[in-house]
Amino acid sequence: MVSETETSAIGNALVVLGAAGVVIPAFARFRITPVIGFILVGLLVGPSGLGMLATDYPWLKHVTIASIEDIALFAEFGIILLLFSIGLELSFRRLWQLRKLVFGVGAAELLLSGAILGGGLWLLGGLSTPAAFGLGIALALSSTALVLPMAGTKSAVGRASFSMLLFEDLAIVPIIFILGAFAPNVAGDNAELLLTTLWQGALVVAILAVAGWLLLPRIFAQAARAKDPELFLAASLLVVIVAAMATAAIGLSPIVGALLAGLMIAETEYHEEVEAITAPFKGLALGVFLISVGMGLNLKMIAEQWPQLIAAVVGVVAIKAIVTAALLRFSGARRGTAAEVGLLMSSPSETTLIVLTAALGARLIDPETASFWQLVTAIGLTITPLLARVGHDIARRIEMRSDDTPQDEAAAARTVIVGFGRVGHTVAELLRDHGRPYIAVDADIDTVALARRDGFSVRFADVARPGSLDKLGVESADAIVLTMDDPVQQLRMTRQLRQKYPDLPIISRARDADHAAALYQAGASDAVPETLESSLQLAEAVLIDLGVAMGPVIASIHDVRAKMRHDIMTKGKLDQEPRIRRTRQPVADSDG
């Protein structure tokens, strides 16, 4: 016979899964982030919403959740899965590259924001110094669960956000122990306990890293041989659970173990398979966490204290945004990047709730104060997507208004790239790596702003307008590269450029052989059929993996290129063979 507790647990699980099944597709259809939807669902079905009517209407028990504690375990597991998926996108090499941001800007942001917020609370609220310190540090934390899914980890905004969030996650345990040391009538062994936890944590992390390096390739190799996706999923979850339990057992946060598990799998050749299999759980994990946030919104308390709550939220957001943006700007980040990251990181965090609970347990703050700031945290998490959108818009305006490129750069740039999609981005990246000056243009404002935040020299320009390219110094350029995904516009621009600049090298992206032939007829110096090159590189990889010697493979590829040149000559009625260079050949030394 099923007990009432089991029935309640099953009902809560069904409510969460049902909410995820409705919110994700519904909000995706209207191109709205599901973050707001999950929070609203949590508010609706939580104890402050329909849950408070369950006593009068018993049937509501089947579609509501009685208390936050009922899904606390789901929410915690959701955060663990989120951090695991984030670790899959990283590697130890990338973490080492970000060490200055992690322990430089990340540490400065947490300590400075905590000091300012704590000082303000000490002056305004009459709190004791330890209580003000605890609240200040708690509110200085930012949401890993919300920020990273929105910012990613590969853009300039994502790298900066991840670096600071990583330091905050590492600092949670020391913060909790320090709060415990400040507790009234506390025993004097907290410092020793903290040191013990730290060296045990370092030892566990080292053991997990070595064990992962030795065992994970073998475990996933067995799963690959079985060709069973369920084995990959089971092995992945096992790694996450073991790592999280190992770090939790010695006093560290299980979040650290989950992140470490993702990093270890990211170093194996099976990380893409694991990432694809676990991807559906990422959205569900985030949804569970956000539902718990929505359930924490007490509408009655909001109605009673809304002026104080608004002032507290605005104050926390403003202080954190200003401090974060200023530190990033001081460290050399672009103005747009600093502004966007500042607003993105300005809300309190889910870990703020953990620190507040620790401060309450240490009797540094009273329950009423803890409830107030827990509500501030829930509101801050709710408005995080709005702050992210505002930050993105502000960053775009800043980047479009500020032209960090010298006025004579256009004349000095020897390569002009038209279009900054995936092809233009790759060309610019290689030119930059080899120290070749360039200037790129694109007609999409968001693309230009994002590229500028990542350090690329890109301007906004609509090349369809007459005279737009002349302002970029095409007459003094060594080459112009056309990467737009518009064959008609490419042909028109090629003809116009060839008529105006007879000696200018024009390199153009072509869709296929027919398009390449038309571009050569229009005056292109080089036209690279992208379908041909991608097919040849794919075929080369297949043949080599099948054990065919490199020599015959290269000879076959040269034969295909020769046939393609002949076809292009025939279709384009050319007098001489076009140049179809092998895109993967080594680049000659510029001094040679």
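This tour proceeds through a six-stranded sheet, the helices that accompany it, and one helix pair elsewhere in the chain.

The model is predicted: local features require pLDDT of at least 70 and side-chain atom pairs count only at pLDDT 80 or more, whereas totals for chains, interfaces and linings use all residues. Residues are numbered from 1 along each chain as its sequence is written, and side-chain values use heavy atoms, with hydrogens and water left out.

**The sheet as a whole**

Begin by displaying the strands. Helices (H or I, at least four residues) and strands (E, at least two) are DSSP runs, numbered from the N terminus. Six strands form an open sheet in the order E3-E2-E1-E4-E5-E6, with parallel pairing; two strands pair if DSSP finds at least two bridges between them. E3 (458-460) and E6 stand at the edges with a single partner strand each, so one side of each has no neighbour in the sheet. From one strand to the next, the twist averages 20°.

**Strand E1 and its neighbours**

Select residues 415-418, which form E1. Thr415 and Ile417 lie on one side, Val416 and Val418 on the other, and all are buried, that is, under 20% relative accessible area, where exposed is over 50% and partly exposed is in between (1.4 Å probe, protein chains only).

Next, add E2 (residues 438-442), which pairs with E1 in the parallel sense over four bridges. Ile417 is found opposite Ala440 of E2. Between the two strands the chain passes through helix H19 (residues 422-433), and this β-α-β crossover is right-handed. The term means that, with the strands pointing away from the viewer, the path from the first strand over the helix to the second runs clockwise. H19 lies across E1, E2 and E5, and runs at about 160° to E1.

From E2, move outward to E3, to which E2 is joined in parallel by three bridges. Here Ala440 stands opposite Val458.

Return to E1 and select E4 (residues 479-482), a parallel partner of E1 over four bridges. Ile480 in E4 is the bridge partner of Val416.

**From E4 to the E6 edge**

Select residues 506-510 for E5, in which four of the five residues are buried. E4 and E5 run parallel and are joined by three bridges, with Leu482 opposite Ser508. Helix H21 (residues 487-500) completes a right-handed β-α-β unit with E4 and E5.

Continue to E6 (residues 526-529), paired with E5 in the parallel sense over four bridges. Arg509 stands opposite Val528 of E6. The chain goes from E5 to E6 by way of helix H22 (residues 513-522), again in a right-handed β-α-β crossover.

**Helix H20**

Select residues 445-453, helix H20, whose buried residues are Val448, Ala449, Ala451, Arg452 and Arg453. Gly455 follows H20 and has a positive phi, near 90°.

**The pair H5 and H13**

Finally, select H5 (residues 99-125) and H13 (residues 299-330), which pack at an angle of about 145° with their axes 10 Å apart. Axes are lines fitted to C-alpha atoms, for helices over the stretch in contact, and angles run from 0 to 180 degrees between N-to-C directions. Contact means heavy atoms within 4.5 Å. On H5 the contact residues include Val105, Leu112 and Ile116, and on H13 they include Val316, Ile319 and Val323. By class, the contact has 10 nonpolar, two polar and two charged residues. Ala, Val, Leu, Ile, Met, Phe, Trp, Tyr, Cys and Pro count as nonpolar, Asp, Glu, Lys and Arg as charged, and the others, Gly among them, as polar.
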